[in-house]
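Please look over the model below before reading on. My comments follow it, point by point.

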Amino acid sequence: MPTSEDSQHDLFQDAITRLTTAAALSEIEDEAVQRLRHPKAILEVSIPIRMDDGTLRVFTGYRVRHDDTRGPTKGGIRYHPDVNLSEVKALAFWMTCKCAVVGIPYGGAKGGVIVNPKELSPLELERLSRGFIDQIADFIGPETDVPAPDVYTNARIMGWMMDEFSKLRRQRTPAVITGKPVSLGGSLGRDDATGRGAYFCIKELERLRKWQPREIRVAIQGFGNAGQHVAQLLHNDGYRIVAVSDSRGGVYRPEGFDIASLIQAKNETRQVKAVYCDGSVCEAVKADTISNEDLLELDVDLLIPAAMENQITADNAANIKAPVIVEIANGPTTSDGDAVLVAKNTLVVPDILANAGGVTVSYFEWVQNKAGYYWPLEEVHTKLHAIMVREFNAIYELMLKKSIDMRTAAYVHALNRIGEAIEAQGTSRYFSNEIAK
Ligand code: NAD
């Protein structure tokens with residue numbers, strides 16, 4: 001059986017495998033690739049928290065800054081019992097690539113705390129969030145490293161974290177963190193930005209593949225922030241959302257679901273339920289219950305993993321029937337699972353493109369915080385749309401031009417930009433006079 005050390009090793013190694021493959025096809029120099037194999041800085045902290053019953057618990061947290069050549073590092077903070085250093089390193093690496101994919105001036109970072117937040121009271125959660133910031137305050141800042149929400153962290157938690165950092169600095173510092181409540185300097189449109197960015201990618205696929213939304217059956221794994229928003233946007237356009245799931249399992253109905261009703265039920269009961277709601281009255285609709293594993297293998301036209309990493313692996317990739325996958329979760333497909341999908345010509349819009357709407361609007365939030373001038377929602381949507389469409393098409397064309405899969409094309413696109421920035425600082429070719437100064 002693999003030890004936890006082994007599995008920790010694997011996730012970051014998996015990310016590096018992809019780096020190596022894509023680097024061979026891009027214009028990046030070997031030396032730049034060598035730098036990307038090593039995160040710039042890693043911080044591990046202990047967070048002692050007084051629990052409501054008077055006892056003390058010490059939590060472990062991490063913050064990894066992967067690369068800051070293109071700008072301050074950027075990346076979410078995750079609360080989850082399975083958080084480990086290798087996962088945080090891999091997620092930080094993906095953030096470096098993701099920011100380069102969409103061309104925003106950031107490097108990559110990530111943070112995480114080993115905790116099951118569902119077991120904490122609201123006050124314990126606040127103490128933990130402030131305690132984590134107390135421990136990492138010297139490591140982050142508006143010009144160095146800017147955190148954001150990730151799995152099981154949300155706008156309220158970002159608000160506490162910004163407030164704690166501001167207290168330590170004795171200066172109101174909204175630009176230290178993004179994904180805050182709008183009343184504390186958050187951007188309009190940040191709440192649904194990840195789902196909306198993925199939706200814009202799907203709309204480009206619709207145009208390219210001449211899809212009729214009503215004919216497209218969609219399955220979504222994960223019904224949290226990102227999953228709910230993409231479901232609602234697609235449903236509004238007539239797409240048939242036939243299956244959704246959360247950590248406890250899912251529901252399947254070939255005729256499709258009314259998404260607003262599912263969201264209402266999830267908010268009220270914290271469970272995915274097959275219902276139709278008229279106002280506050282919800283009635284059960286006929287549907288099958290399915291496991292998360294079954295959802296992935298459904299006969300659908302579009303599969304959207306929007307939960308956790310490592311869901312599509314060498315063990316189940318061959319059984320996946322969807323011809324198109326749009327990855328909203330970070331790292332839902334392992335590299336050996338990916339090889340199976342590529343071999344059977346499944347089109348995968350990769351995470352570093354499909355879920356980049358979140359970090360793009362986080363960038364808009366940071367810009368607005370620094371300027372002290374806030375944009376209307378329409379402006380956020382228009383600017384996000386322009387970036388997603390531009391980068392989706394650049395990557396799609398690169399895929400066709402080089403006859404490679406879309407994930408590799410996205411990495412090549414990112415590495416070209418990162419490589420250009422690293423090379424602008426000088427590499428051994430420059431210092432050994434191989435190229436003109
Ligand atoms: P969230 O905490 O709001 O929701 C996560 C959802 O996944 C919940 O419905 C949870 O029940 C479900 N889930 C957890 N474990 C599961 C499992 N094993 N199988 C099926 N469902 C499971 O998180 P989110 O913000 O929606 O993030 C979801 C994914 O999208 C993550 O991989 C995250 O890294 C990625 N992502 C989120 C953002 C963002 O801005 N929210 C940005 C980029 C990427």
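The points below cover one open sheet, the helix that lies across part of it, and one helix pair in this predicted model.

1. Start with the sheet. Seven strands make it up, and it is open. The order is S11-S8-S7-S6-S12-S13-S14. Pairing is mixed. In general, strands of a sheet pair through backbone hydrogen bonds, either parallel or antiparallel.

2. Which are the edge strands? They are strand S11 (288-290) and strand S14 (347-349), and each pairs on one side only. From one strand to the next, the twist averages 20°.

3. Now the S11 end. Strand S8 (residues 249-252) is joined to S11 by three bridges. The two strands run antiparallel. Val251 stands opposite Thr289 in S11.

4. Next, the helix on the sheet. Helix H6 (residues 193-209) lies across strand S12 (302-305), strand S13 (324-326) and S14. Its direction is about 155° to S13.

5. How do helix H12 (residues 357-371) and helix H13 (residues 377-402) pack? The angle is about 130°, and the axes are 10 Å apart. Oblique is defined here to include angles over 115 and up to 145 degrees. H12 and H13 are therefore oblique to each other. H12 passes H13 in a right-handed crossing.

6. Check the residues at this contact. H12 contributes Gly357, Thr360, Val361 and Phe364. From H13 come Val380, Lys383, Leu384, Ile387 and Met388. By class, the contact has six nonpolar, two polar and one charged residues.

Technical notes
Residues numbered from 1 in each chain as written. Predicted model: local features only at pLDDT ≥ 70, side-chain atom pairs only at ≥ 80, totals over all residues. Heavy atoms only, no water. Axes fitted to C-alpha atoms, helices over the stretch in contact; angles between N-to-C directions. Helix = DSSP H or I, 4+ residues; strand = E, 2+ residues; numbered from the N terminus. Parallel < 35°, antiparallel > 145°, perpendicular 65-115°, else oblique. Left-handed = near helix turned anticlockwise from the far one by under 90°. Contact = heavy atoms within 4.5 Å. Nonpolar A, V, L, I, M, F, W, Y, C, P; charged D, E, K, R; others polar. Pairing = 2+ DSSP bridges.
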